[in-house]
Amino acid sequence: MDDHIISRASACGKIILCGEHAVVYARPAIALPLASIRAHAVITRGIPGAGLCFVAPDLGRRWLLAATPDDPMAELVTTTLRRLGVTQPLDLRITVTSELPIASGMGSGAAIATAVVRALAAALDRTLEPADISAQVYDSERRYHGTPSGIDNTVVAYEQAIWFQRRAEPPHVIEPITIGAPFTLLIGDTGVRSATRMPVGDVRRRWQEDPAHYEALFDQVAAIVTRTRTVLASGDLGTLGALLNQNQELLERIGVSSPELERLVDAARSAGAYGAKLSGAGWGGVMIALVDDGSADSVRSALVQAGATRVLQTTVGAG
Ligand code: MEV
């Protein structure tokens, strides 16, 4: 190990099982951690007198906090250090890398920010509770996409399956989800990158023009999410798949699906998935398909055939 490393930390990716977009409007949603796909932050000694320096080799970028005080990452570090009681300047280099593609619906922004906050706390021999980390990261998410519900930073900070419902004022409702029987999801990536703020902003504009229409759609999503929670506890895959399909139909009506997502969703269903839907903000990014041992291989092949640039597999509730 490099003896200049002061601390290192990582954070998981995430998948929204159901309830995205409606969750921004105070309806419940269910999110799952993706423990095997992570973002990483490594803190090493910096150049004396230079202050904090960020390095993002994946993006080919390197920048100084002092030169970019308004950058969301710089703000995150400044507020985190303040929260940790640091007032004097620190000469540190923070290197961030991520296995999560940016703007894919798998929470890359929240994961990178969480890894940085954890690494800073570790560098100062401090421990921050998940609620503290989540609050720091939420502020930074707000800089990137305006009106986040808070579900991404919460599931990443707690790294467990959660039921999340935003309240007008914190504390929001955050409850662990009971998984009665493990189930497997394939995650198909359209390869289309879509920044969360774009579909979220578009839905907000349309909601402002016709609130009654969108409120009714969000209520239908909430009913699906509530039924999903019960079904997850009982382990009935057939009903779970049907609920995912119903959620997809509502997401199409909310206007956040795309031809690429629907091609993958249709391919997964035709190849034997119990159900499939887009996951995250939509217009690109990833979709999920509920499979079992008998259908996983054929659904994976069908997704690749239909244009998926990458197919990941995750089993939820095992161990
Ligand atoms: C993004 O993972 C989920 C959305 O509902 C946005 C949010 O909750 O902030 C689309």
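These notebook entries record what I looked up on the ligand site and the two domains of a predicted model.

**Basis.** I number residues from 1 along each chain as its sequence is written, and I use heavy atoms for side-chain values, with hydrogens and water left out. Since the model is predicted, I require pLDDT of at least 70 for local features and 80 or more for side-chain atom pairs, while totals for chains, interfaces and linings use all residues.

**Ligand shell.** I looked up the residues near the ligand (a heavy atom within 4 Å of it). There are 13 residues around the ligand, and Lys14, His21, Pro148, Ser149 and Asp152 come nearest. By class I noted seven nonpolar, three polar and three charged residues.

**Polar contacts.** I took these as pairs of N or O atoms within 3.5 Å. The side chain of Ser149 places an N or O atom 2.6 Å from a ligand oxygen. For Lys14 the corresponding distance is 2.8 Å, and for a polar side-chain atom of Asp152 I noted 2.9 Å. The ligand on its own has 290 Å² of accessible area (Shrake-Rupley method, 1.4 Å probe), and the protein covers 98% of it. Strand E1 (5–18) and helix H4 (151–158) are the elements that give two or more residues to the shell; both are DSSP runs, of at least two residues for strands and at least four for helices.

**Domains.** The domain assignment, automatic or from a database, gives domain 1 (5–176) and domain 2 (183–316). I noted 25 Å between their C-alpha centres. Their contact (heavy atoms within 4.5 Å) takes 30 residues from domain 1 and 41 residues from domain 2.

Definitions and conventions. Polar contact = N/O pair within 3.5 Å; in protein donor to acceptor, adjacent residues only side chain to side chain. Nonpolar A, V, L, I, M, F, W, Y, C, P; charged D, E, K, R; others polar.
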